[in-house]
Amino acid sequence: MLITKPPMGWNSWNTFGENINEQVVRETAEAMVSKGLRDAGYEYVVIDDCWALNDRDENGRMVADPEKFPSGMRALADYIHSLGMKFGMYSCAGMRTCAGYPASFDREFIDAQTFADWGVDYLKYDFCFFPHDRNPMIYYNKMSMALKATGRDIVFSACNWGTHEVEKWVRSTGAHLWRSTGDIGERFTSVRDISASQFGKWRYGAPGCYNDMDMLICGMDGIGNVGHPGLCGDTEYKTHFAMWCMANSPLMIGCDVRRMRPETVELLTNRDLLRIDQDEECRAPIVVTTRGELAPTMFKHLSDREFAIGFFNFGDDEGDPDLRTWDIGFPTTAGFGLKLREVFSGETVDYTDDYFEVKLAPHDCKIYLGSYVPKA
Ligand code: GLA
C-alpha cells in the first residue's frame, strides 16, 4: 500500500497516558468532526499504550480491557468509521509494552490478525523490552508481513525512537512512517532538540515512508501525561507546528481535542502549513545555520515550482535570522525575484535582493510560501 502523504490524526498518549478509555476516544472523534479537524485532513484516531488486559484469552489473542472498553474494539472501530475516520491501535515489538502491557514479540501474526478482525487501519509499533540479541529490522519486518498477510490495508507506524540507524533500513521493512526521536514533552527545549536532531535525517523521508518526529504538543496547555504547565504557549505551539510541517512529519494531535481552544484549532488547520507538510513530493528542507542551531533557516521545494522558506528562533532572546540567498544557490544575477507570502500574517514581499533578514521574538518563527517571478 502506498500512502502519498504524511498521516494526520490524533493519538491518546500525550494527554491520556494510562487513563485511556472508550468514552474519551468516542468524544475525541466527535470533537474532531465538530471542530473541523477531520475535514482538514486529521483522519486517524489512535489508541496508544494501556488498552489491553494482562492476560491473553484461551486462543492466545490479546483482549481489550473491558472496564476501559466495555463495547469492545470492533464496536469502537465501527463508530470511528461511521464518522468518516480511521482507527489506530498500538502494540510493541518487545516482550512487554513500554507501560508493561502485553506486546507482540513472536506473536506478530496472531496479533496482526486480531487487529485486522477489529477493523484497525493503523498500528503504532513500539520498541520497549526488545531482546538485545535480536535484529530490530527483522522484527519490524515480521510485523509488517503479518499485517500484510491479513489482507487488510493497515498503516504501519514503526516506533524505535530513532535507534539502530533506523532511517537507513526502515523503508525496507514496509513501514509507512518511523519515529525518529525519543519521546516529546510539552517543553520548548524538547521541540528544539527533536528538530535539531533531524536536520541531517529528514532526507531519508520520501513518499510512502515518513520521518515521524512524535506527536504534537500543540494545545496541551499544561494538561495531561506529558504536559508541563507554564512551559509552552501559543508562540511555542506555532513554531513547533511550523517546524513539523517544514519537515514533512506526520501530524498526530496530542492534546485533549474536546477542550481545544479556537487558537489551537486555527493553528492546526492552517491551510498553508498543511499544504507544506502534505506536499506530495516530500522534499526535505535545505537547512542553513549561519547563525547557529538556535536560528535555523530553511528552504524547501514544493511541487508546482513553489517553495517554502522558514525562519526559526529557538533562542530565548529576540533574534534576526537571515537568509543570504547565495547560500541556497540563488544569486541576484539569476534574473528572477521571489514573490513571498508569510503564512501567519499574510504579509507579502516582492523580493529582489540577495540578503533577507527577519525579526523574530523569542521562540517565534516566520514561514513564507514563495514562487519565482522574472525581474522587469
Ligand atoms: C514509548 C513511546 C511513546 C508511547 C509510550 C507508551 O515511550 O515512544 O510514544 O507510545 O511508549 O508507553
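Which residue of β10 is the bridge partner of V287? To find out, open this predicted model and select V287 together with strand β10, residues 297-301; the partner that comes up in β10 is M298.

**The open sheet**

Keep that pair on screen and add the rest of β9, residues 286-288, which pairs with β10 in the antiparallel sense over 3 bridges. Now widen the selection to the whole sheet, an open one of 6 strands in the order β9-β10-β11-β16-β13-β14, where the pairing is antiparallel. Look next at its two edges, which are β9 and, at residues 348-351, β14; each of these has a single partner strand, so one side of each is left without a neighbour in the sheet. If you look along the strands, neighbouring ones are turned by 20° against each other on average, with direction ignored.

**A helix across the sheet**

Select residues 234-246 next, which form helix α8, and show them with β10, β11 (307-312) and β16 (365-374), since these are the strands that α8 lies across. Relative to β11, helix α8 runs at about 140°.

**Two packed helices**

Move now to helix α2, residues 22-34, and helix α4, residues 73-82, which pack at an angle of about 10° with their axes 10 Å apart. Because angles under 35 degrees count as roughly parallel, α2 is described as roughly parallel to α4. To see the contact itself, show the side chains of E22, V25, R26, A29 and E30 on α2, and of A75, L76, Y79 and I80 on α4. Coloured by class, the residues of this contact divide into 6 nonpolar and 3 charged, with no polar ones.

**The cavities**

Finish with the enclosed spaces, of which a search of the whole structure finds 2 with a volume of 30 Å³ or more. For the largest cavity, of about 60 Å³, select N11, Y122, K124, S157, R179, D212, D214, M215 and M252, the residues that line it. That lining has 4 charged, 3 nonpolar and 2 polar residues.

For the second largest cavity, which holds about 30 Å³ of space, select T325, F330, P331, T332, F336, G337, Y351, T352, D353 and D354. Here the lining divides into 4 nonpolar, 4 polar and 2 charged residues. Among these lining residues is Y351, and edge strand β14 spans residues 348-351, which brings the tour back to the sheet where it began.

Terms used: Residues numbered from 1 in each chain as written. Predicted model: local features only at pLDDT ≥ 70, side-chain atom pairs only at ≥ 80, totals over all residues. Heavy atoms only, no water. 1 Å grid on protein atoms, 1.4 Å probe; cavity = no way out; pocket = protein on both sides within 12 Å on 5 of 7 lines; lining within 4 Å. Points joined across faces, edges and corners; volume = space filled by probe spheres on them. Nonpolar A, V, L, I, M, F, W, Y, C, P; charged D, E, K, R; others polar. Pairing = 2+ DSSP bridges. Helix = DSSP H or I, 4+ residues; strand = E, 2+ residues; numbered from the N terminus. Axes fitted to C-alpha atoms, helices over the stretch in contact; angles between N-to-C directions. Contact = heavy atoms within 4.5 Å. Parallel < 35°, antiparallel > 145°, perpendicular 65-115°, else oblique.
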